Amino acid sequence: MQVMLKGVTKKFSGVTAVNEFSVTLPDGELICLLGPSGCGKSTILNMLSGILPVSGGDIFFDDDNVTKLPPEERGIGLVFQNYALYPHMTVLENICFPLEIKKVPKEERVARATKMAKLVHVDMLLNRKPKELSGGQQQRVAIARALVKEPRLLLLDEPLSNLDARLRLEMREEIRRIQLQTQVTTIFVTHDQEEAMAICDHIVLMKDGVMQQFDAPQQLYDNPANQFVANFLGAPPINNIPGEIKNGVFTTEDGKASMKLAAFSKVPDGKKVNLAVRSESFVVKPAGTPETMECTVTGVFKTGKDEMASFTFGDQPFRAYIDLEEGLEKDQIVSLGFKNRGVFVFDRESGVRYV
């Protein structure tokens with residue numbers, strides 16, 4: 001099912017949590033609402049579910065305007081952050097419960113619940129109570145309960161946040177497997193960019209209730225729409241070197257270093273900018289090579305096949321992954337050029353991307 005939001009706004013006591021939000025989410029995909037805490041992603045999820053009414057705009061499921069429909073008429077499955085399992089019920093009873101509410105005959109609801117339990121790999125736990133389950137098992141039961149009523153849309157509100165690191169990795173892969181197998185359009189809320197990049201077909205990246213970019217994960221990383229997107233995605237974070245560009249020459253803010261790059265000609269003269277470069281986008285060049293920056297090595301840290309080195313360009317610090325074969329040493333002067341991707345120029349005030 002395709003999901004479309006048109007100019008959706010949500011206000012709480014005069015505070016705008018979501019502002020004129022418009023996006024079309026493709027049918028059958030796993031889509032992530034990503035952003036820092038307080039950006040409005042859970043608010044959007046709750047408006048999609050019908051738990052929160054919209055302050056303005058419309059929500060469509062395919063061609064159906066569901067903006068004013070109550071939750072029970074929207075055909076959604078919702079998995080909360082704390083799973084919200086009924087402690088006095090067994091796993092089977094928990095999964096069956098939505099069907100019991102709909103007065104589905106007992107034999108049919110048990111058959112459907114058992115089938116769903118097999119899908120999420122909890123069919124050996126049907127007689128246990130929630131307190132007898134691990135966090136990952138509880139999450140699987142919550143997903144089975146959401147899916148057993150055959151929803152048009154599955155909503156997951158930070159479902160991995162209560163799990164340890166190893167289980168988070170396992171369960172995000174399980175969520176992807178289940179979504180691919182069921183082909184239910186799924187919207188997944190998280191503030192963890194690694195989770196979003198690993199399993200989602202598309203990401204909606206948000207800030208202060210406004211969508212910053214909607215794209216495939218790799219596109220957000222390779223072609224960020226603005227400074228916020230570039231800063232939010234990537235570990236380690238992207239390097240930002242402040243400076244100014246005049247006549248195609250970038251000069252650092254301290255005035256102690258400069259370099260020329262053909263792409264800088266796209267930047268209006270005199271603009272205060274950030275030269276933003278991914279740590280993996282630097283490459284060592286012979287001294288005197290055009291379009292390089294002369295830098296001083298301030299530290300070298302082994303990371304296996306590569307090494308992470310820290311540098312200064314003028315007095316501006318940054319970090320880069322460098323091939324071990326370069327054999328860099330502290331205080332060495334090196335010329336660094338750039339690879340074909342991962343190099344951007346952003347307006348320092350507005351965050352607008354020039355290059």
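This tour proceeds through a predicted model, selection by selection.

**The antiparallel sheet**

Begin with strands E2, E1, E4 and E5, which form an open sheet in the order E2-E1-E4-E5 with antiparallel pairing. Colour strand E2 (15–25) and strand E5 (64–65) separately: these stand at the edges, and each has a single partner strand, so one side of each is left without a neighbour in the sheet. Next, select strand E1 (residues 3–12) together with strand E4 (residues 56–61); five bridges join this pair in the antiparallel sense. To locate the register, display Leu 5, whose bridge partner in E4 is Ile 59.

**Helix H1 and the residue after it**

Move to helix H1, residues 41–49, where seven of the nine residues are buried. Which residues of H1 are buried? They are Lys 41, Thr 43, Ile 44, Leu 45, Met 47, Leu 48 and Ser 49. Continue to Gly 50, which follows H1 and has a positive phi, near 95 degrees.

**A parallel pair of strands**

Select strand E6 (residues 76–79) and show its side chains and glycine position. Ile 76 and Leu 78 point one way, while Gly 77 and Val 79 point the other way. In a regular strand, side chains alternate between the two faces of the sheet. Are the residues of E6 buried or exposed? All of them are buried. Add strand E7 (residues 153–157), which pairs with E6 in the parallel sense over four bridges. Within this pair, Gly 77 stands opposite Leu 154 in E7.

**Helices H2, H3 and H4**

Now select helix H2 (residues 91–101) and helix H4 (residues 135–147). Their axes are 7 Å apart and the helices pack at an angle of about 30 degrees. Angles under 35 degrees count as roughly parallel, and H2 and H4 are therefore roughly parallel to each other. The crossing in which H2 passes H4 is right-handed.

Keep H2 on display and replace H4 with helix H3 (residues 106–119). The axes of H2 and H3 come within 9 Å and cross at roughly 130 degrees; the two helices are therefore oblique to each other. This crossing, too, is right-handed.

While H3 is selected, pick out Lys 115, which is found in this helix. Lys 115 is exposed, with a relative accessible area of 64%. A distance label from Lys 115 to Asn 65 reads 32 Å, C-alpha to C-alpha, for two residues that are 50 apart in sequence.

**Salt bridges**

The whole structure contains 17 salt bridges. Start with Asp 192 and Arg 168, whose side chains meet at 3.4 Å, N to O. This pair links distant parts of the chain, 24 residues apart: Asp 192 lies in the loop between strand E8 (185–190) and helix H6 (193–199), and Arg 168 lies in helix H5 (residues 165–182). Asp 192 is partly exposed at 22% relative accessible area, whereas Arg 168 is buried at 18%.

Then select Glu 194 and Arg 172, another salt bridge, in which the closest N and O atoms are 3.6 Å apart. Glu 194 lies in helix H6 and Arg 172 in helix H5, so the pair ties together parts that are 22 residues apart in sequence. Arg 172 is buried, with a relative accessible area of 12%.

For a further example, show Glu 244 and Lys 246, with their closest N and O atoms 3.8 Å apart. Both partners are partly exposed: Glu 244 has a relative accessible area of 24%, and Lys 246 has 48%. After these pairs, select Arg 140, Glu 170, Glu 174 and Arg 177 as a group; a network of salt bridges links them.

**Cysteines**

Finish by selecting Cys 96 and Cys 295. Cys 96 counts as buried at 6% relative accessibility, and Cys 295 is buried at 1%. How many disulfides does the structure hold? It holds zero disulfides. A disulfide is a covalent bond between the sulfur atoms of two cysteines.

Terms used. Residues are numbered from 1 along each chain as its sequence is written. This is a predicted model: local features need pLDDT of at least 70, side-chain atom pairs count only at pLDDT 80 or more; totals for chains, interfaces and linings use all residues. Side-chain values use heavy atoms; hydrogens and water are left out. A disulfide is a pair of cysteine sulfur atoms within 2.5 Å. Buried means under 20% relative accessible area, exposed over 50%, partly exposed in between (1.4 Å probe, protein chains only). Two strands pair if DSSP finds at least two bridges between them. A salt bridge is a side-chain nitrogen of Lys or Arg within 4 Å of a carboxyl oxygen of Asp or Glu. Axes are lines fitted to C-alpha atoms, for helices over the stretch in contact, and angles run from 0 to 180 degrees between N-to-C directions. Angles under 35 degrees count as roughly parallel, over 145 as roughly antiparallel, 65 to 115 as roughly perpendicular and the rest as oblique. A crossing is left-handed if the near helix is turned anticlockwise from the far one by less than a right angle, and right-handed if clockwise.
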